[in-house]
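Subject: Structure handover

Hello,

Here is the structure we spoke about, with its sequence. My notes on it follow below.

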Amino acid sequence: MRLRCESISRIVVWLAGLLALIMAAVPPLAWFGLSYGLLLSDLKREAEVGSRLVTALVAKNALLWQFDEVRLNHVLESLETDRVPAHRSILGPQGVVAESRIGEVDPPAVSEASPVWDAGKPVGYVEVRRSLRPLIREAAILAAVCASVSGGALLLFLLYPVSALRKALGSLSEEKERARTTLQSIADGVIATDADGKVLLMNGVAESVTGWPLAEAAGRPLEEVFPLRDANGAGVRPPVLPPGSRGFLDSPRSGKRLIDATEAAIAARGKGAVKSVVVFRDVTEKSRMEEEVLRGRKLESLGILAGGIAHDFNNLLTGVLGNVSLAKDMMPRGRRERMRLEEAEKAALKAKELANRLLAFSKGGNPDRRRIPAAEVVRDAARLAVGGTNVRCEFRAQDGLWEMFADPGQIEQVIGNLVINAVQAMPAGGTVRVEMENAPVREGEILHVKEGKYVKVEVTDEGGGIPAEILPRIFDPYFTTKEKGNGLGLANCYTIMKGHGGNIFADSPPGRGATFRLYVPSTGRAPQEAAPAAEPAALPGKGRVLLMDDEDTVRDVAGEMLERLGYAPRFARTGEEAIEMYAREAGGPGAFDLVILDLTVPGGMGGMEASRRLLEDFPDARIIVSSGRVNDPAMLSPGMHGLAGAAAKPYRLEELSRVLRSAQTPG
């Protein structure tokens, strides 16, 4: 009501201001327009009179009339019928001035010209010009007078009639506005009922929570508008709800919500008297947040556990892979025993990849982007996801499909999640279609997809589809419609795609399954046919190497690898011991050429602290860090930490030899 009163007052003020503006502007403008028209008319008439007189002179002497200064001057004198300054000219052929009388004509000025005729042809002109300045001055004076009058009238109108109108409207709505403001300012939902238990009043919170606008709820039973139930579906409304009563508001208009409610009874004195007031609070989001916090803590703990398991697993795997690598190197090529060792090495590398995925999970999964063949990666991930199910996978890729610039493990994870969801959406079996094509995107062409080159991947199922009301929420963390789901699958897909600089979208026409579209960044080039890669060979070397690691197995296998490659290894268990050994041998015949430091030493100094201290005292030290945590910043960018290289556990003989050779080559 108060807003309505203010709107009425504002409209009145605007109308009064508009009227005052019209009163101030219209009279001067009208006067100026009329005077300007009269001035033009006078000038035109004067020019026409002059042209008739000069035309008469031309008729008498058509050849020399423009040189008859006396008669021409007499014509100009006859035109001076008033005292208003004017500039009058008689122009001959080619615009040459034959005679003129110059008056004081200040700019701006207006002029009129009339032709001089000879045998029906114009041979000259008579021109008259006058200044507009006096006319403008008079119009300005009139405008000032009108503005003063209209401004005074507007001021009086605002001081008296409008002020009285505002006061009257304010008094009319004051009581109702006070009650309404009090009710609407309450953060909880409020429903008031009459003596018959019918709804009388509801505030905005109550309307939002119940889904009933007051206009529809008024006069309806409270149990219809506010159907509070317990976990078993029984009503939770005795004659008066005790404080803190909790139940579920299960309404087709608002869905299922968890509610804390209190009801206060008021003695009824008549048919329309208030019988009770129900005050309630929607605690659905609060309860959900508590569950999400608990789930997040569990997930965080799981991540820490996964990181620890992966680290220890890589340490153990170092012994396995290192010994297999050594044994394979000792075996001549072509022997069946070497082939068996190569298969064992491949299995160990797959185990290493599994450990790295656990580390990626524990660290948030930063993508290790590289050029990968899109069709091969997506096809393998999709077929693996449908293996052992009653769902068939159809795959189609455009000819000349570009390669992706992405983390292959994370892309496999996204495709696997989407295909598994598709399989679960078709319990009776069906077909999941995976289609791929090149997708150059221009600026602004696709919402939330930057300009660039992408590979578009579409995963489509034949299931029942996704209801329209939940489609916008499917990528939200912890949102799930599955009884045993955790709501992280699609959220993880979304996070991975955004981390790559791409995006993911979902469409689900009613009853026609669901389609997920991925836009994965691409190099814009087709993958080249790779020649069969020759088995990498270990690179021999020489020099003294100090290896620090707290695991006996790692020291043993790494030491044998170093000796196999031609290096002379020495060993330390902690960072303190490594620093002491390096300092003791520095500058002497036993000085170390390379140092390999394990990043994590439980209960002792790790590799990063040891490397900092070594480089402070020995800036020329060539240090390699080693860890099973491949996502550690020092492992990803050793040069930024002043290190010569990084060796990821578990070691392979060939890979370790290349790290050592690279570290011995400065720059």
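Proline 650 sits in the loop that runs between strand S22 and helix H16 (653–663). The peptide bond joining lysine 649 to proline 650 is cis, with omega at about -5°. Please keep in mind that this is a predicted model, so the bond is a feature of the prediction.

Strand S22 (645–648), which comes before that loop, is one of the two edge strands of an open sheet. Five strands make up this sheet, in the order S19-S18-S20-S21-S22, and their pairing is parallel. The other edge strand is S19 (567–572); each of the two edge strands pairs on one side only. On average, neighbouring strands of the sheet are turned by 25° against each other, direction ignored.

Inside the sheet, S18 (residues 543–548) pairs with S20 (residues 594–598) in the parallel sense, over four bridges. If you want a place to look, start at leucine 546: its bridge partner in S20 is valine 595.

Two helices belong with this part of the description. Helix H13 (residues 575–585) lies across S18, S19 and S20 and runs at about 130° to S19. Helix H14 (residues 607–617) also packs on the sheet, where it touches S18, S20 and strand S21 (623–627). The direction of H14 makes about 150° with that of S20.

Elsewhere in the sequence there is a helix pair to look at. Two packed helices are described by the angle between their axes and the distance between the axes. For helix H9 (residues 374–386) and helix H10 (residues 408–424), the axes come within 8 Å and cross at roughly 40°. H9 and H10 are therefore oblique to each other, and their crossing is right-handed.

On the H9 side, the contact is made by Val377, Val378, Ala381, Ala382, Ala385 and Val386. H10 contributes Pro408, Ile411, Glu412, Ile415, Gly416, Val419, Ile420 and Val423. By type, the residues of this contact divide into twelve nonpolar, one polar and one charged.

Some totals for the protein, for your records:

- The protein has 16 helices and 22 strands.
- Of its 667 residues, 38% are buried.
- Among contacts with a separation of 6 or more, 64% are between residues 24 or more positions apart.

Regards

Note on methods
Residues numbered from 1 in each chain as written. Predicted model: local features only at pLDDT ≥ 70, side-chain atom pairs only at ≥ 80, totals over all residues. Heavy atoms only, no water. Pairing = 2+ DSSP bridges. Axes fitted to C-alpha atoms, helices over the stretch in contact; angles between N-to-C directions. Contact = heavy atoms within 4.5 Å. Parallel < 35°, antiparallel > 145°, perpendicular 65-115°, else oblique. Left-handed = near helix turned anticlockwise from the far one by under 90°. Nonpolar A, V, L, I, M, F, W, Y, C, P; charged D, E, K, R; others polar. Buried < 20%, exposed > 50% of the residue type's maximum accessible area, 1.4 Å probe, protein only.
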